[in-house]
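Open the model in a viewer and keep the selection panel at hand. The stops below are meant to be taken in order.

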There are 2 protein chains.
Amino acid sequence: MSEDLNQRSQNILEAIVKDYISSAEPVGSRAISRKHALNLSPATVRNVMADLEEMGFLCSPHTSAGRVPTSKGFHYYIDSLLEVRDLSDSEKARLTSSYQFKGMRLEDALQEVGRVLSGISSYTGLVMAPRFSSTVFRQIEFLRLSHKRLLVIFVSKTGLVQNKVIESDVDWTPHQLENITNYLNQTLHGLTIQEIRNQLSDEIQQERARASELQQQAMKLSQAALNAEVEDNVYVSGTTRILEQPEFSSPELIKKIFQTLESKQQLIELLDQAQTADGVQIFIGSQSQHHAIEGCSLISSPFSGKKGAIGTLGVIGPMRMDYSQVIPIVDFTAQLVSRVLERESE
Amino acid sequence: MSEDLNQRSQNILEAIVKDYISSAEPVGSRAISRKHALNLSPATVRNVMADLEEMGFLCSPHTSAGRVPTSKGFHYYIDSLLEVRDLSDSEKARLTSSYQFKGMRLEDALQEVGRVLSGISSYTGLVMAPRFSSTVFRQIEFLRLSHKRLLVIFVSKTGLVQNKVIESDVDWTPHQLENITNYLNQTLHGLTIQEIRNQLSDEIQQERARASELQQQAMKLSQAALNAEVEDNVYVSGTTRILEQPEFSSPELIKKIFQTLESKQQLIELLDQAQTADGVQIFIGSQSQHHAIEGCSLISSPFSGKKGAIGTLGVIGPMRMDYSQVIPIVDFTAQLVSRVLERESE
DNA sequence: GTTAGCACTCGATGGTGATGAGTGCTAACA
DNA sequence: TGTTAGCACTCATCACCATCGAGTGCTAAC
């Protein structure tokens with residue numbers, strides 16, 4: 001945020017944002033001058049408000065309504081005015097005990113994280129499982145579905161199971177497949193899918209001359225098995241919770257939001273952006289090119305296991321979200337999930 | 001439907017339902033008497049309408065609006081008045097060519113079916129994958145996650161991959177696991193999970209005395225692996241399409257419907273009911289105890305592979321659905337999917 | 001049994017005026 | 001020069017009211 005605001009303007013902006021967060025309604029100068037101990041008359045507040053509107057932090061739905069913070073206003077509030085308190089130990093304990101991961105598949109555990117996030121924040125919970133390309137290889141199995149059609153099953157170090165169907169030029173015998181399987185399971189252990197891909201294409205180029213026909217085919221097979229993108233998993237929970245918010249009362253708006261939430265692709269793009277940085281990221285309104293979540297904010301944080309198996313989790317809610325509460329929850333949850341992932345992947 | 005209606009009443013009921021389906025608005029006596037070549041004056045139509053209302057086939061939102069069919073009215077219409085035409089060959093061809101299943105995993109294929117169903121019907125598509133207990137065993141793999149925690153992976157004959165984590169009392173060696181795996185893969189081939197469960201519990205009881213400690217443990221392990229219920233998969237597509245319908249304009253109603261669509265459990269119960277009978281089933285409004293889809297209708301049909309691996313697919317839309325179009329589509333799609341399933345599972 | 005006629009109901013539409021929250025502007029004040 | 005009181009103005013909201021018209025129920029005549 002480039003602009004500087006003097007202390008009084010900051011106080012008033014903060015007061016407006018806070019009032020708006022709790023009321024969901026435009027706030028007027030009187031309310032500010034009375035409730036918040038600023039000792040300023042409504043008229044003074046009005047002057048400041050006019051300035052803030054000029055600068056783009058506020059806007060008014062119409063002449064005689066109060067002011068509503070713009071996404072720029074929220075942004076300034078979060079960057080400069082909001083002090084995010086840490087969770088108390090008891091809150092941390094409560095959050096920790098919400099999760100009973102033991103004996104769960106990773107998929108189910110992540111889904112559960114989404115549910116809990118949605119439950120405690122009262123907004124919509126989002127969890128994106130670690131991208132396939134960044135997961136660490138543990139085991140591969142081939143299964144002959146018919147001649148030339150193979151089902152490939154991978155298991156990642158964290159216990160994520162992915163499968164897909166590939167077509168092969170060669171009609172492999174069970175014995176050949178077993179050999180290939182053993183070879184791959186030995187060689188690839190502990191590498192990420194991305195590393196494996198790079199390595200494979202290198203090897204194929206280098207060994208083209210030396211390798212036998214069969215070996216070359218085997219390499220091609222494993223390349224095919226690992227190359228094609230497997231759909232990344234996004235878990236969305238509590239979509240209807242977002243409807244409780246008064247600002248989402250118009251059917252058109254509801255439709256837009258649900259279309260976004262239904263399209264995994266859009267969510268993946270959104271969460272991918274959040275994944276690049278460390279720690280909690282906040283996307284406000286349409287600020288992020290993503291007109292998709294106009295009027296909404298996304299608070300998200302990446303989580304990771306030992307070897308860069310990165311996923312993202314977060315909460316989508318109205319722009320008017322209770323940031324001071326949701327931010328530490330998302331933050332701590334990401335740490336919690338990271339810790340569990342590290343423990344499990346040993 | 002027990003009641004009998006004379007020809008004229010039937011004609012008028014049919015006219016009202018048809019008008020209401022296309023307009024989504026209460027229909028009055030005048031419109032009926034004019035548009036449909038019944039040669040009856042509005043007054044006569046009114047008399048009949050009053051009778052129909054008395055009998056529960058119609059209701060009026062208020063005194064001076066027209067009449068709207070009740071769920072009983074729709075029911076009568078579908079049972080006695082609607083003649084469902086078969087799809088023309090070109091329509092069948094078009095539908096068939098919408099699907100490109102080859103090289104797809106079963107999960108993806110079913111998801112795709114939902115998408116297409118939703119697309120051509122303009123309502124919400126629903127597909128429930130074959131229940132785990134009725135799928136035919138093809139292969140099982142065990143993977144040691146940590147001491148005593150095992151990841152079990154099943155593959156069904158149709159290529160459906162399921163996995164889950166189980167805890168075992170014994171810390172198996174890789175060699176032991178391999179033996180168990182081989183044994184199970186040989187013995188269980190071609191049986192449904194349900195058959196396997198029955199067989200296993202029989203064997204455990206019978207062989208308790210004779211078998212060695214290790215054998216008993218192995219049996220227990222496989223029982224644990226196959227007993228616990230794996231979540232059944234429901235694919236929902238085009239949820240937002242239902243919002244296009246004029247009757248779903250109130251936020252409360254939208255919320256209710258989306259809550260139902262979000263809760264897989266409720267959908268499974270609903271689709272399970274539809275699965276018991278052969279062919280297309282129709283649930284109208286809240287008629288089916290399921291207040292969950294009040295105001296909606298569900299048109300569904302089971303599909304199956306060679307050996308009773310039964311799933312269900314269908315369409316959820318407003319009560320005022322275009323039944324004459326959707327019913328044959330659902331019917332034919334179910335046949336199509338069954339055919340593909342049978343071909344694939346050989 | 002059918003229909004024309006008619007009084008009646010009731011939602012939808014649109015105009016009017018009062019209300020009140022909130023603003024911008026100006027002039028006075030410290 | 002910054003702050004404030006005062007005041008005219010704007011505009012959404014609401015209640016009220018008259019009008020309109022689609023549609024009904026009832027009755028009497030055909």
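Start with α3(B), which gives four residues to the surface near DNA strand C, the largest share from any element. The model is predicted, so treat every distance on this tour as computed from it. Next add α3 of chain A (42-55) to the selection beside α3 of chain B (42-54); each supplies at least two residues of this surface.

Now show the side chains around the strand. Eighteen residues would be a crowded view, so pick out the nearest of the 18 around DNA strand C: A:Ser29, A:Arg67, B:Arg8, B:Thr44 and B:Thr63. Colour the surface near DNA strand C by class, and three nonpolar, eleven polar and four charged residues appear.

Which part of DNA strand C do the atoms within 4 Å of the protein belong to? Sugar or phosphate accounts for 80% of them, and bases for the rest.

Three contacts deserve a distance label.

- Select B:Thr44: an N or O atom in its side chain is 2.4 Å from a phosphate oxygen of DNA strand C.
- Move to A:Ser29, where a polar side-chain atom lies 2.7 Å from a phosphate oxygen of DNA strand C.
- Then take A:Ser64, which uses a backbone N or O atom, 3.3 Å from a sugar or linking oxygen of DNA strand C.

Hide the DNA and turn to the second largest pocket. The space in this pocket is about 1,200 Å³. Its lining has 28 residues, and those closest to the pocket centre are A:Glu141, A:Glu178, B:Gln139, B:Glu141 and B:Thr181. To see the elements behind the lining, select β4 (137-146) and α7 (174-187) in chain A, then β4 (137-146) and α7 (174-187) in chain B; each supplies at least two lining residues. Coloured by class, the lining of the second largest pocket shows eight nonpolar, twelve polar and eight charged residues.

Finish with the two chains as a pair. Superpose chain B on chain A: a turn of 180° with a shift of 0.0 Å along the axis lays one on the other with an RMSD of 0.1 Å. This is the relation of a two-fold axis. To locate the axis from chain B, select B:Pro251, whose C-alpha is 3.3 Å away, the closest approach among the residues of that chain. Last, select the interface residues of chain B: 100% of them are also interface residues in chain A, so the copies meet through the same surface.

Definitions and conventions. Residues numbered from 1 in each chain as written. Chains lettered and ligands numbered in written order. Predicted model: local features only at pLDDT ≥ 70, side-chain atom pairs only at ≥ 80, totals over all residues. Heavy atoms only, no water. 1 Å grid on protein atoms, 1.4 Å probe; cavity = no way out; pocket = protein on both sides within 12 Å on 5 of 7 lines; lining within 4 Å. Points joined across faces, edges and corners; volume = space filled by probe spheres on them. Nonpolar A, V, L, I, M, F, W, Y, C, P; charged D, E, K, R; others polar. Near = heavy atom within 4 Å. Polar contact = N/O pair within 3.5 Å; in protein donor to acceptor, adjacent residues only side chain to side chain. Least-squares fit on C-alpha atoms with pLDDT ≥ 70 in both. Contact = heavy atoms within 4.5 Å.
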